[in-house]
Amino acid sequence: MAAPANLLQGTLDLLILRTLSLGEKHGVAVARRLEQVTKGTFVVKPGSLFPALHRMEEAGWLTSSWGESDHNRRARYYRLTRAGRQQLKAETKEWGRISLAIAAALRG
């Protein structure tokens, strides 16, 4: 298996928004899901994940509440707001534009 890749600036927000578009999750579950769907390419450490979740909540893209995890531990659960869904749509469109431009540049 290849080593985990570094996330480009802004990509983490997009991946978190996409993960939470599927339903409410606590932070560790978000990180696990990202690692799972990217087949280990992206491993998000708590030092990156939790500041991003907090910043996104401050921006109004997420809301959170306390609940109990699968292991009967107290955990903060995050879910998208309407603004978060709009942000996901905008960032998905922008990522598509950027990835096409990068692919064109690599083809030369």
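## Exercises on a predicted fold

The three strands form an open sheet in the order β1-β3-β2, with antiparallel pairing. β1 (25-26) and β2 (62-68) are the edge strands with a single partner each, so one side of each has no neighbour in the sheet. Strands pair if DSSP finds at least two bridges between them. Strands (E, at least two residues) and helices (H or I, at least four) are DSSP runs, numbered from the N terminus.

This is a predicted model: local features need pLDDT of at least 70, side-chain atom pairs count only at pLDDT 80 or more, and totals for chains, interfaces and linings use all residues. Residues are numbered from 1 along each chain as its sequence is written, and side-chain values use heavy atoms, without hydrogens and water.

**Exercise 1. State how β1 is joined to β3, and name the partner of His26.**

Solution.
- Step 1: β3 covers residues 74-80 and runs antiparallel to β1.
- Step 2: two bridges join the strands.
- Step 3: His26 has Tyr77 in β3 as its bridge partner.

**Exercise 2. Count the salt bridges, then work through those of Arg55 and Glu24.**

Solution.
- Step 1: apply the rule, a side-chain nitrogen of Lys or Arg within 4 Å of a carboxyl oxygen of Asp or Glu. The count is three.
- Step 2: Arg55 bridges to Asp13, with the closest N and O atoms 2.9 Å apart. Arg55 lies in helix α3 (residues 46-58) and Asp13 in helix α1 (residues 11-21), so the pair ties together parts 42 residues apart in sequence.
- Step 3: classify accessibility (buried under 20% relative accessible area, exposed over 50%, partly exposed in between; 1.4 Å probe, protein chains only). Asp13 is buried at 9%. Arg55 is partly exposed at 42%.
- Step 4: Glu24 and Arg79 meet at 2.7 Å, N to O. Glu24 sits in the loop between α1 and β1 and Arg79 in strand β3, so this pair links parts 55 residues apart in sequence.

**Exercise 3. Find the surroundings of Glu91.**

Solution.
- Step 1: Glu91 belongs to helix α4 (residues 82-107).
- Step 2: Glu91 is buried yet has no salt bridge.
- Step 3: take charges as Lys and Arg positive, Asp and Glu negative, with His and the chain ends not counted. The nearest side chain of opposite charge is Arg55, 7.2 Å away.
- Step 4: a polar atom of the Glu91 side chain lies 3.4 Å from the backbone nitrogen of Leu14.

Technical notes:
A polar contact is a pair of N or O atoms within 3.5 Å; within protein, one must be able to donate a hydrogen and the other to accept it, and residues adjacent in sequence count only if both atoms are side-chain atoms.
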